[in-house]
Amino acid sequence: MNKTYPFLSLKQANLPYEDELKQAAVDVIDSGWYLHGKHTELLEQEIAALCQARHCIAVSNGLDALRLILRAYIEMGKLQPDDKVIVPGNTFVASVLAISDNGLVPVLCDPSPVTMNIDSDCVERLITPDVKAVMPVHLYGTPCWDEKLKQLVNEHNLLVIEDNAQAIGAASTVDGLNGTRVTGGLGHAAGISFYPTKNLGALGDAGAVVTSDDDLAKTVRALASYGSDRRYHNIYQGLNCRIDEIQAAMLRVKLRHLDEENARRDAIAQVYNEAITSERIITPEHFEGMKQVWHQYVIRVKDGRDEFRAELEKRGVMTDIHYATPPHMQPCYSDLHHEALPMTEQLVDEVVSLPIAHPITLDDAREIAAIINSI
């Protein structure tokens, strides 16, 4: 039988930490404390420290993290309905859902063909008096932050809400607004996803808000717990977006191994970049001095992408497309006004995500590269 190369196995991803995870679950069960317990408190401290920010509020998922940030800014009077937020056209739909869910207007921006992240020149062109915020998405684990974007947000007094769902532990080559270069701490606030497939993944759904703004942190924490600042005292018409103690405990175990996981992915990405030589393929940039964490390793196929994937599958290599349909082409956004997004739509037809998560090894990556070169 020919060898197969799975795209991802969550069982294999968690297997090295199985004993630690089981012990953490037992610890929570035995404690009898299942919400707002010690693991949640400690996880928040640890994530804040990782992102070099003052506050972390652990919440139910990554979408809720972004929703809560925007809702908090509305409650604080820093945003109001119909304000515009610039967001990449090339992103998972959650980035845009968080904006429209709060009565704000998404302004879609085409990506750079080099980074596949938001293009600062495009951001500059889209800024109007109605634009009050920008949402850089650190797509695939590559930081989305440069000198021009920093200059633009300072010049126009824009809020910066990072979508850090895919890049925990990454770092830019440029200082953020608070001095750090670590994603999650670059802007005014950040939303993080701990979806099970992420580099730091829960064993269910979970997320976090990170910020160094004391007032924002206080507002988000209240909104996430029914809008209450204390028991049975609701100062906002809030939501129930709390993390549970089991997921916090699972994440604390896996956080101890995050650097190891990110380094493993970086090593596989380097193998791919060096070994894939096919002229049909554009490999992603490995930027000097930048810490990329490779949530996905995304190549571009110049022609015949679907046939290329089918041939890889025949040879045992499983792949995926991130993302097959961009937000502006989704039925729920059929009435969303936007400028032309040629690069977004080109990427939709070209991108292929290669296996980089468990159980893929360095030898597997070399073998996959050889298969690609032979097609």
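**Exercise on a strand and its partners**

Task: Identify the residue of β7 that is the bridge partner of C56, and then work out how β7 pairs with β1 and with β6.

Solution. Begin with the single bridge: C56 has V210 as its bridge partner in β7. The model is a predicted one, in which local features need pLDDT of at least 70 and side-chain atom pairs count only at pLDDT 80 or more, while totals for chains, interfaces and linings use all residues. Residues are numbered from 1 along each chain as its sequence is written, and side-chain values use heavy atoms, with hydrogens and water left out.

Next, take the strands as wholes, where strands (E, at least two residues) and helices (H or I, at least four residues) are DSSP runs numbered from the N terminus, and where two strands pair if DSSP finds at least two bridges between them. Five bridges join β1 to β7 in the antiparallel sense, and β6 (residues 189-193) is likewise antiparallel to β7, over five bridges. Within the latter pairing, V209 of β7 has G191 standing opposite.

**Exercise on burial**

Task: Decide how many of the residues of β7 are buried, and which of them lie on each side.

Solution. Apply the cut-offs first: buried means under 20% relative accessible area and exposed over 50%, with partly exposed in between, using a 1.4 Å probe and protein chains only. By this criterion five of the five residues of β7 (residues 207-211) are buried, and the strand is mostly covered. Then separate the faces: G207, V209 and T211 lie on one side, A208 and V210 on the other, and both faces are covered.

**Exercise on the order of a sheet**

Task: Give the strand order of the seven-stranded sheet, and state which strands form its edges.

Solution. The seven strands follow one another as β1-β7-β6-β5-β4-β2-β3 in an open sheet whose pairing is mixed. Its edge strands are β1 (55-59) and β3 (105-109), each of which pairs on one side only. Neighbouring strands are turned against each other by 25° on average, direction ignored; for such angles, axes are lines fitted to C-alpha atoms, for helices over the stretch in contact, and the values run from 0 to 180 degrees between N-to-C directions.

For a parallel pairing, turn to β2 (residues 84-88) and β4 (residues 131-134), which are joined over three bridges; here K84 stands opposite V131 of β4. Finally, add the helix α5 (residues 93-101), which lies across β2, β3 and β5 (159-163) and runs at about 150° to β3.

**Exercise on a histidine and two helices**

Task: Find the side chain with which the side chain of H39 makes a polar contact, and describe how α2 and α9 pack.

Solution. Locate H39 in helix α3 (residues 38-50), where a relative accessibility of 8% makes it count as buried. A polar contact is a pair of N or O atoms within 3.5 Å; within protein, one must be able to donate a hydrogen and the other to accept it, and residues adjacent in sequence count only if both atoms are side-chain atoms. The side chain of H39 makes such a contact with that of D27, at 2.8 Å. Beyond its neighbours within four places in sequence, H39 is in contact (heavy atoms within 4.5 Å) with D27, V28, E245, A248, A249 and R252.

For the helices, α2 (residues 18-31) and α9 (residues 245-255) pack at about 145°, with their axes 9 Å apart. The residues that meet include A24, A25 and V28 in α2, and E245, I246 and A249 in α9.

**Exercise on aromatic rings**

Task: Determine which residues the ring pairs link into a cluster, and how they are placed.

Solution. Rings of Phe, Tyr and Trp (its six-membered ring) pair if their centres lie within 6.5 Å, and planes under 30 degrees apart count as stacked, over 60 as edge-to-face and the rest as tilted. The whole structure holds three aromatic pairs. One of them is the tilted pair of Y272 and Y297, at 4.7 Å centre to centre and 35° between the planes. Y272 lies in α10 (residues 258-275) and Y297 in β11 (residues 297-301), so this pair ties together parts that are 25 residues apart in sequence. Both Y272 and Y297 are buried at 0%. W294 forms a tilted pair with Y297, at 5.6 Å and 35°, and W294 is buried at 2%. The cluster therefore consists of Y272, W294 and Y297, linked by ring pairs.
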